[in-house]
Amino acid sequence: MARDVGSGLSTTPKDLSPWPKYFYDAEGSRLFEEITAQPEYYQTGAELSILKSRSEEILARTRCRELVELGSGSASKTRALIDAMIDANGADGPPPRYVPLDVSESALRESGERLVAEYPGLEIQGFVGDFDLSLGRLLGRPSDRNRLVAFLGGTVGNFTPQKRRKFLGALRAGLREGDRALIGLDLVKDARTLEAAYNDAAGVTARFNRNMIRVINNRLGAGLDPDLFSHRAVYDADLERIEMWLYSEAEQKVQTPDLEARFEGGEGVRTEISAKFTPESAARTFEQSGLELLDIYTDDRDLFALALGGPA
Ligand code: AVJ
């Protein structure tokens with residue numbers, strides 16, 4: 001982490017956006033959950049409405065009997081897919097199986113125990129791991145059934161384009177014939193709607209953004225003052241992405257054995273990118289990683305999409 005933050009703070013402009021994982025300590029995860037409840041933040045509700053209305057169709061089409069979920073968290077959005085997988089399961093063939101991967105063992109245990117109680121016929125095999133490091137091993141497991149690999153929540157949008165290609169390429173490499181990928185993508189829309197979603201009136205996103213400074217302080221002893229940073233999120237229509245920034249209102253220095261940096265008064269650091277897609281850019285993104293875009297499912301307001309892909 002000292003190396004990541006050190007390199008992120010030594011460029012012009014400062015850029016911590018390649019490491020979105022540093023947002024998500026316990027407080028950051030809690031703040032993100034709080035963001036999803038803000039009226040301006042449409043993504044979670046839109047994705048859930050697609051899952052509720054289209055899961056049956058997705059499972060009927062893919063005929064998968066194993067659902068692999070990357071970054072499953074509390075698995076709160078997954079039930080629609082699990083329900084549809086069970087319903088699409090005829091009497092013949094293997095029973096349905098759910099394979100969640102998450103960095104949090106406690107989240108896996110809790111959601112696993114709840115799902116075991118809720119779905120008697122469902123096999124569940126959870127894995128603790130980072131979707132970066134563990135993807136190859138997870139998908140390399142032998143399996144006697146077609147798999148649907150879901151990566152929900154729009155997290156691929158937070159990856160740099162290079163990282164996105166790498167991640168989707170590794171996902172593609174892990175797919176076998178008959179396997180499918182289902183990826184959540186936020187869609188391009190007017191700048192006002194997008195910027196409102198990342199500048200909510202209650203200030204929750206601002207607190208989420210400043211929490212990255214707290215994480216850096218807690219883990220690296222950086223001694224920055226989180227309250228000196230002001231939050232701003234802007235939509236770049238050319239790059240089709242939201243950028244979140246923190247601007248230091250005053251000069252600040254970081255000096256630890258592992259890390260040295262300074263902020264000038266008014267200097268900013270980019271903390272997150274969140275790419276927005278069109279059906280065309282989604283197809284191109286998939287193609288660059290050897291995936292074929294088979295279908296794209298959207299909500300009735302075209303806010304969010306689930307992109308279904310298979311090996312090209
Ligand atoms: C949904 C996790 C991808 O980019 O919208 C929310 C996180 N950042 N508000 C997104 C986030 C600021 C996020 N993900």
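## Around the ligand

How far is an oxygen atom of the ligand from an N or O atom in the side chain of Y41? In this predicted model, the separation is 2.5 Å. Y198 does something similar with its side chain, where an N or O atom sits 2.6 Å from a ligand oxygen. S274 joins in too, with a polar side-chain atom 2.6 Å from an oxygen atom of the ligand. As for how much of the ligand is covered, the protein takes care of 97% of the 360 Å² of accessible area that the ligand has on its own.

Two elements give two or more residues to the shell: α2, spanning 26–36, and β12, spanning 268–275. The shell holds 14 residues in total, and Y41, S274, Y198, N158 and E272 are the ones that come nearest to the ligand. Sorted by class, you get seven nonpolar residues, six polar ones and one charged. Both domains have a hand in this site: domain 1 (2–39 + 191–275) and domain 2 (43–189 + 277–311) each put at least three residues into the shell.

## The second largest pocket

Now for the open space. The second largest pocket comes in at about 310 Å³. Its lining counts 14 residues, and if you want to find the centre, look for P161, R164, L239, F277 and T285, which are the closest to it.

Which element gives the most to this lining? That would be α10, with four residues. α10 covers 279–288, and along with α7 (161–174) and β12 it is on the list of elements that each supply at least two lining residues. β12 therefore turns up in both places, as one of the elements behind the ligand shell and as a contributor to this pocket.

By class, the pocket lining splits into six charged, five nonpolar and three polar residues. Here again the two domains share the work, with at least three lining residues from domain 1 (2–39 + 191–275) and at least three from domain 2 (43–189 + 277–311).

## The cavity

What about closed-off space? The structure has one cavity of 30 Å³ or more, and the largest cavity holds about 30 Å³ of space.

To find the largest cavity in the viewer, pick out its lining: L59, R63, C64, R65, M85, A88 and N89. Four residues of that lining are nonpolar, two are charged and one is polar.

Conventions: Residues are numbered from 1 along each chain as its sequence is written. This is a predicted model: local features need pLDDT of at least 70, side-chain atom pairs count only at pLDDT 80 or more; totals for chains, interfaces and linings use all residues. Side-chain values use heavy atoms; hydrogens and water are left out. A residue is near a molecule or strand if one of its heavy atoms lies within 4 Å of it. A polar contact is a pair of N or O atoms within 3.5 Å; within protein, one must be able to donate a hydrogen and the other to accept it, and residues adjacent in sequence count only if both atoms are side-chain atoms. Accessible areas come from the Shrake-Rupley method with a 1.4 Å probe; for residues, only the protein chains shown count as cover. Ala, Val, Leu, Ile, Met, Phe, Trp, Tyr, Cys and Pro count as nonpolar, Asp, Glu, Lys and Arg as charged, and the others, Gly among them, as polar. Domain bounds come from an automatic or database domain assignment. On a 1 Å grid over the protein atoms alone, a cavity is a set of points where a 1.4 Å probe fits but cannot get out, and a pocket is an open set with protein on both sides within 12 Å along at least five of seven lines; lining residues have an atom within 4 Å of a point. Grid points are joined across faces, edges and corners, and a volume is the space filled by probe spheres set on the points.
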